[in-house]
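Student: I've got this model open and I'd like a close look at just one part of it. Could you pick a pair of strands, walk me through how they fit together, and then show me what surrounds them?

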Amino acid sequence: MSNDEVSEIVIRAGDKDVSLNPGLFTNNRYVPSVSGKTFPTIDPATGDVIAEVYEADSADIDAAVDAAEKAYYEGWKNTSSAERGRLLGKVASLILANADDLARIEALDNGKTLKMAQIVDIRATAQAFSYYGEWATKDMVKCLISTKTRLHIQGMNL
């Protein structure tokens, strides 16, 4: 871990301690904000401070956009659709593997029930990544032609 990376903290979420990182996730690592400013995230059910997390401002957003553009042009743009699909599927698997802790954090931060966070937020998020990962491997022209509907795609009448 470099000096500018942020370490995880442990918070109490319901009846369990869970780890989270209060940093800004930029360029595949958690970093403090450029300004160093933080703000308290509040449990809406009790008004208690859950944790102090870093506060992003325009400099942080610029850094995140620069990192995203670099990642796109130096990697993602040239990644095969099969590999993109595999990576999106991996995100879905990681969400499900950490579903309990993610749901506890989400419930605490939003004042939801744990069950609602598990079903609506965490499961639906994993399903979305899985869904789009599966679509990444489809031959879209064949899929569209198979609908037997006349479509206009990039100047071609099908």
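Tutor: Let's start with a term: two strands count as paired if DSSP finds at least two bridges between them. Keep in mind that this is a predicted model. Now look at strand β5, residues 38-42, and strand β6, residues 49-54: they pair in the antiparallel sense, over 5 bridges. To see one of those partnerships, find Thr41, whose bridge partner in β6 is Ala51. Together β5 and β6 make a hairpin, with 6 residues between them. In that turn sits Gly47, which has a positive phi of about 80°. As for side chains, in a regular strand they alternate between the two faces of the sheet.

Now step back along the chain to the loop between β4 (29-31) and β5, where you'll find Ser33. Ser33 has a relative accessible area of 5%, so it counts as buried, the cut-off being under 20%. Leaving out residues up to four places away in sequence, Ser33 touches Leu24, Tyr54, Glu55 and Asp60. Tyr54 should ring a bell, since β6 covers residues 49-54.

There's another hairpin to set beside this one. Strand β1 (residues 9-13) and strand β2 (residues 16-20) also pair in the antiparallel sense, over 5 bridges. Here Arg12 has Asp17 of β2 as its bridge partner. This hairpin has 2 residues between its strands, and Gly14 in the turn has a positive phi of about 70°.

Where does all this sit in the whole chain? Counting everything, you get 5 helices and 8 strands. Starting at the N terminus, the order is β-β-β-β-β-β-α-α-α-α-α-β-β. The chain has 158 residues, and 20% of them count as buried. Among contacts with a separation of 6 or more, 46% come from residues 24 or more positions apart.

Finally, have a peek at the helices. Helix α3 (residues 99-110) packs with helix α4 (residues 114-135) at an angle of about 110°, their axes 8 Å apart. Angles of 65 to 115 degrees count as roughly perpendicular, and that is why α3 and α4 get that description. Their crossing is right-handed. On the α3 side, the contact includes Ala99, Leu102 and Ala103, while α4 brings in residues including Leu114, Ala117 and Ile122. Sorted by type, the residues of this contact come to 7 nonpolar, 1 polar and 4 charged.

Note on methods: Residues are numbered from 1 along each chain as its sequence is written. Side-chain values use heavy atoms; hydrogens and water are left out. Axes are lines fitted to C-alpha atoms, for helices over the stretch in contact, and angles run from 0 to 180 degrees between N-to-C directions. Helices (H or I, at least four residues) and strands (E, at least two) are DSSP runs, numbered from the N terminus. Angles under 35 degrees count as roughly parallel, over 145 as roughly antiparallel, 65 to 115 as roughly perpendicular and the rest as oblique. A crossing is left-handed if the near helix is turned anticlockwise from the far one by less than a right angle, and right-handed if clockwise. Contact means heavy atoms within 4.5 Å. Ala, Val, Leu, Ile, Met, Phe, Trp, Tyr, Cys and Pro count as nonpolar, Asp, Glu, Lys and Arg as charged, and the others, Gly among them, as polar. Buried means under 20% relative accessible area, exposed over 50%, partly exposed in between (1.4 Å probe, protein chains only).
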